[in-house]
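Dear colleague,

Please find below the structure that I promised to hand over, together with its sequence. My notes on what was found in it follow, and I would be glad if you read them with the model open beside you.

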Amino acid sequence: MSSWSNSHPKIWLSIKIVQEKVLKYSQFHVDHATSSALRAHGLPIVEYDGGVNIWAATTEDLTSVFQDEEYKRVVIPDEESFLKRSEAVMMIGYDEDKWVDGKVYEVEKSKG
């Protein structure tokens, strides 16, 4: 996990297209002790060590990152040192806040 947390971001962020197209990049690290405790109480817990969130302005921008030759040449070999790429899956979507700072969070929708 240390490689993914420490050296991989430096490699990922060194890629020109990442710097141009990615708006935000964050890593989610699983708390294994808490996961084990919750699993012991019968809750279903995924077996992943973590996940990544990547924000881009468009799906085309995100796709261009993963199709970039420099990304393929530099980032993929590093990922293969800590990630089972053949088992990796993506989820595409957006955040929708409902509770923020102890309060119900509502944003008035445009009436278009």
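The largest nonpolar core has eleven residues, namely Trp4, Trp12, Ile15, Ile17, Val18, Val22, Tyr25, Val65, Tyr71, Val75 and Ile76; such a core is a set of buried Ala, Val, Leu, Ile, Met, Phe, Trp, Tyr and Cys residues joined through side-chain atoms within 4.5 Å. Two or more residues of this core come from each of helix 1 (2-13), helix 2 (16-21), strand 1 (22-29) and helix 5, and helix 5 gives the most, with three residues. Helices (H or I, at least four residues) and strands (E, at least two) are DSSP runs, numbered from the N terminus. In soluble globular proteins, nonpolar side chains tend to be buried together.

Please keep in mind that this is a predicted model, in which local features need pLDDT of at least 70 and side-chain atom pairs count only at pLDDT 80 or more, while totals for chains, interfaces and linings use all residues. Residues are numbered from 1 along each chain as its sequence is written, and side-chain values use heavy atoms, with hydrogens and water left out.

One member of the core, tryptophan 4, is in contact (heavy atoms within 4.5 Å) with Pro9, Tyr25, Gln27, Phe28, His29, Gly50, Gly51, Val52 and Phe82, if its neighbours within four places in sequence are left aside.

Next come two polar residues, histidine 8 and glutamate 79. Histidine 8 is in helix 1 and counts as buried because its relative accessibility is 3%; the classes used here are buried for under 20% relative accessible area, exposed for over 50%, and partly exposed in between (1.4 Å probe, protein chains only). Glutamate 79 lies in helix 5 and counts as buried as well, at 8% relative accessibility. Although histidine 8 and glutamate 79 are 71 residues apart along the chain, their C-alpha atoms are separated by 7.6 Å. Not counting residues up to four places away in sequence, histidine 8 touches Ser3, Tyr25, Val75, Asp78, Glu79 and Phe82, whereas glutamate 79, counted in that way, touches His8, Tyr71 and Arg85. The side chain of histidine 8 also makes a polar contact with the side chain of aspartate 78 at 2.5 Å; a polar contact is a pair of N or O atoms within 3.5 Å, where within protein one must be able to donate a hydrogen and the other to accept it, and where residues adjacent in sequence count only if both atoms are side-chain atoms.

Which charged side chains meet in salt bridges? The structure holds six salt bridges, each being a side-chain nitrogen of Lys or Arg within 4 Å of a carboxyl oxygen of Asp or Glu, and among them are the following three.

- Lysine 16 and glutamate 20 meet at 2.9 Å, N to O; both lie in helix 2, four residues apart, about one turn of the helix, and lysine 16 is exposed, with a relative accessible area of 54%.
- Lysine 21 and aspartate 61 meet at 3.6 Å, N to O; lysine 21 lies in helix 2 and aspartate 61 in helix 4 (residues 59-67), so the pair ties together parts that are 40 residues apart in sequence. Lysine 21 is partly exposed at 27%, while aspartate 61 counts as buried at 17% relative accessibility.
- Glutamate 47 and arginine 39 meet at 3.5 Å, N to O; glutamate 47 counts as exposed at 65% relative accessibility, and arginine 39 is partly exposed at 32%.

Helix 3 (residues 32-40) is capped at its N-terminal end by aspartate 31, a side-chain oxygen of which lies 3.2 Å from the backbone nitrogen of alanine 33. After helix 3 comes glycine 42, whose phi is positive, near 90°. Histidine 32, which is placed in helix 3, is partly exposed, with a relative accessible area of 43%, and touches Tyr48 and Asp49 when residues up to four places away in sequence are not counted. Its C-alpha atom and that of valine 75 are separated by 26 Å, with their positions 43 residues apart along the chain.Lastly, on the surface, Val46, Tyr48 and Val89 form a nonpolar patch with about 330 Å² of accessible area together. Patches are made of residues with over 30% relative accessible area and no salt bridge, like charges being joined within 9 Å and nonpolar side chains (Val, Leu, Ile, Met, Phe, Trp, Tyr) within 5 Å, and accessible areas come from the Shrake-Rupley method with a 1.4 Å probe, for which only the protein chains shown count as cover for residues. Valine 89 is placed in the loop between helix 5 (69-79) and strand 3 (99-100), and counts as exposed at 65% relative accessibility.

With best regards
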